[in-house]
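Reader: I would like to look closely at one small part of this model and at what surrounds it. Please keep to a single place and build the picture outward from there.

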Amino acid sequence: MRVGLFIPCYVDQLYPDVALATLEVLESVGCEVEYPEAQTCCGQPMANTGCFAEAVPLARRFVATFAGFEYVVAPSGSCVAMVRSHYAELLHDDPSYKSLAPRVLDLSEFLVDVIGVEKLPVRPFAYRVGLHQSCHGLRELRIGRSSERMLENFNKTRRVLERMTGIEFTQLSRPDECCGFGGTFAVAEEAISCAMGNDRIADHEQAQSQVMTAGDMSCLMHLEGLIRRQKKPIAVLHVAQILAGRVPEIANV
Amino acid sequence: MSTRLAVLAPSQAHPTRAALFVANDERMHWHDKALWFVRQKRDKAAASVPEWERLRELASQIKTHTLIHLPEYLEAFEAKARALGAEVHWAKDAAEHNAIVLGILEAASAKRVVKSKSMLTEECHLNPFLEQRGYEVVDTDLGERIVQFRNEAPSHIVLPAIHIRKEEVGDTFHEHLGTEAGASDPQYLTEAARGHLRAKFMEADVGITGVNFAIAETGGFVVCTNEGNADLGTALPKIHIACMGIEKLLPRTRDLAVFLRLLARSATGQPITTYSSHFFGPRPQGKLHIILLDNGRSAISQSPEFKSSLHCIRCGACMNTCPVYRRSGGHSYGTTVPGPIGSILAPARDPQAYQSLPYACSLCGSCTDVCPVKINLHEQLLLMRHEVTRQGFLPRLKQLSMTLAGFVFQRPRLYAFLGAMGRGFARLLPTRWVNNRLNGWGRQRDLPPLPAKSFRALYRNRKPPR
Amino acid sequence: MSSRSSILTALRARPRVPSPAPLPALDEPFCTYPDPLAKFAEVLATVGGKAISVASHAEAQRVLQSEPAYRDAKLICSLVPGIGAPNLDLLQVADPHELEAVDFAVAPGRLAVAENAAIWVREADVPTRALLFITQHLCLVIDRTMLVSNMHEAYAQLELGKAEFGVFISGPSKTADIEQSLVIGAHGSRSLIVLVVG
């Protein structure tokens, strides 16, 4: 299966190991993975600021870059949601976009819906893990049930993590509240953004999470930024890093 | 405080007010928890209805249908309401609405008005309009009475005084109602308000209410309260003025079942409000006036992107769930209706003045999922950002940075080069220079240790380039 | 142009495509309860009211006498023959303001809804509607056969549209406007007893 690896721009520049881990996981389940270097940014920062005109050429570039792949997989629900849902506002009925859109998937949903979780190698990960639900994966891609919706419970990110032996999920008091990243919101509404992030971290502290993980590195970049500044003893890993066997740096384990 | 904030640049309005609210950490968390508690009550109530998601879908279908056929339904409602003996007035805007109310009061030589909760009369600023003309207007909802005593606006559409602590209510009531100094027991304070407002009900000449739902096929309408204030306010005075937005219509009586099942559960987690009063024409020997207000609604109804914001039934669930609202308070929005729905309704009318509101949102989507009538709130907030930008109201610096970023991202080699430069440069600087106070990211957050190589560089080394 | 026609014209500004949005029939099966009375009593308790099942009006009268709100009442109105010992005749009341001092009122309900403990009271049964809201304590009397499971069933049974006021009442008057603390007895009745007869 030929998979195009879609790596968000900030992951490419700031978190290369998350991209590497994603590549390793995909290869471990037998995918033939290629990272097209023509990709840059999906255009979400511009689109979410309302600058659709600036986002349109990036959307076109994305579709042209990835049109030839069977699937396009990214370690980010948010960037996938941008392509799958919001490109429609930029590209409308463009036929190559319409044919590509349903084949662009977040890593967790690709592993559950296309590959099958049983293909994932079983690895040990004996830590108390707090799973942060990234909003766009949850409420745009429907990777799991959001707490507002009165439907049967499911969560694809949790399902892939359940392959890890010894993993223990911590109980958060607010299961899926936003971390406050929100793209440019993190800077434009800095006070609220950081207050939201600190409250999420406090929830993980009361739940005694050793490791905080999520399907989106953007949420984690924001939360980890606060954690580092305050020197809190919580390790931060992307889901792909856990699946690829990375070991968290934890004090006093 | 308000005068200083009034001169803020529009784009600064919400972030600045929000930062002030957040600065009092203890109070911000108190506010956040109070509203999260309401959200949890809502979850429990919604979960008790097996067909909850189906009801939301039905409500959405009914509202979508009604809005398409609104002119016909308004005409039908008007005819039926008149046949029941009500007088029906049409108001284009707030000024005409207030003039109609004034005309009714003058004709009846009325002086004293009791009013139950109506966001619409807040929107029209009816109270100051009447007070300036010598009328006594008493808000009879407890929360609204509290904010009225304090010369404040409601900070929430269902819980108007959610931002005020009981000790502060105690001080306010001590000053206005002569309750014991320092007394803050809610039971005691509510009892004092009950006595005070009973007297106001007894001496009122006119009762004003809002309208939750109006029914085209009967000409009747429904008002929901927990306190019973709309009922006392219309059962004692002879004149009842019901003020409603033109979007409040439902086609059929049976549609009420769907909406009454959703409304209170979404608003407060109750199975239904204590009183759901169905008015059909005036009461015996009484008079009923119904005012149908447009005030920008017909314009929004013509917008493909934002028309469904008119489906709103004012339950407040989007406020209770919004992580930004809970931490910034209703007053930070500077609008009659705050929170996610207010951040659509206000800029839909005036995108320049309310430019900052669609950005007062992390686009988490919780509002969309909690909304009982399935308004795609967070998607509309995103589209409203586009509208603000399209009309040229985005601050220049923001626009410039987006144009620049767009330029770079269209050029992969330039992007890779600048990325490497940026990382290399930042790696050379002392951390405290990178995370300085002027950097909105770095004031409270550290950047990760910057890697020497980007993923694309690592990937190129891993496999030979094609 | 009058405001009426300018509003209607504005609403018709955009040419409308034939409606893609039909009204749902609302005739699908909605949640029902095997024992609506049990559900009704359970929900009524959660909203601050009290349901009491009685076999007859005579028993209802005995039950009422054991209720402190009724025993302590000085001014009593009843619109249900045989229940409550009224000492104020509503027919003698010309102006609703005269009801200010009523301590206890008994009124008939027409329908009761299990899912939310709402009871439909109509003006035909309570000619001076202020009574329902001004009384310090309220007792509603319903027939066991009047119970339905949900609001859809309720509206299917009600005949609305005549020039007649009606109200769903669920529990006593309440507010939580001061720090979300629930206080029973805001403006209306401080307690609600529902007598279920039969």
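In which segment of chain A is the place of A:P248?

Author: The place of A:P248 is in the segment after helix α13 (239–243) of chain A, where helices (H or I, at least four residues) and strands (E, at least two) are DSSP runs numbered from the N terminus. This is a predicted model, in which local features need pLDDT of at least 70 and side-chain atom pairs count only at pLDDT 80 or more, whereas totals for chains, interfaces and linings use all residues. Residues are numbered from 1 along each chain as its sequence is written, while chains are lettered from A and ligands numbered from 1 in the order in which they are written.

A:P248 has 18 C-beta neighbours inside 10 Å and therefore counts as partly exposed; a residue is buried with 20 or more other C-beta atoms within 10 Å of its own, exposed with 12 or fewer, and partly exposed in between, the C-beta atoms being placed from the backbone. Leaving aside neighbours within four places in sequence, A:P248 is in contact with A:Y127, A:V211, A:A235 and A:L237, contact meaning that the C-beta atoms, placed from the backbone, lie within 7 Å. A:V236 stands 12 residues away along the chain, yet its C-alpha atom and that of A:P248 are separated by 7.4 Å.

Several of these partners lead to a sheet: A:V211 belongs to the range of β7 (211–214), and A:A235 and A:L237 to that of β8 (235–238). The sheet is open, with 4 strands in the order β6-β5-β7-β8 (chain A) and parallel pairing, two strands being paired if DSSP finds at least two bridges between them. Because β6 (168–169) and β8 of chain A each have a single partner strand, they stand at the edges, and one side of each is left without a neighbour in the sheet. Strand β5 (residues 128–131) of chain A runs parallel to β6(A), joined to that strand by 2 bridges, and A:R128 stands opposite A:E168 in β6(A).

Helix α12 (residues 217–230) of chain A packs on this sheet, where the helix touches β7 and β8 of chain A, and its direction makes about 170° with that of β8(A); the axes are lines fitted to C-alpha atoms, for helices over the stretch in contact, and angles run from 0 to 180 degrees between N-to-C directions. Strand β8(A) is thus touched by helix α12, while A:P248 is in contact with A:A235 and A:L237.

Note on methods. Two residues are in contact if their C-beta atoms, placed from the backbone, lie within 7 Å.
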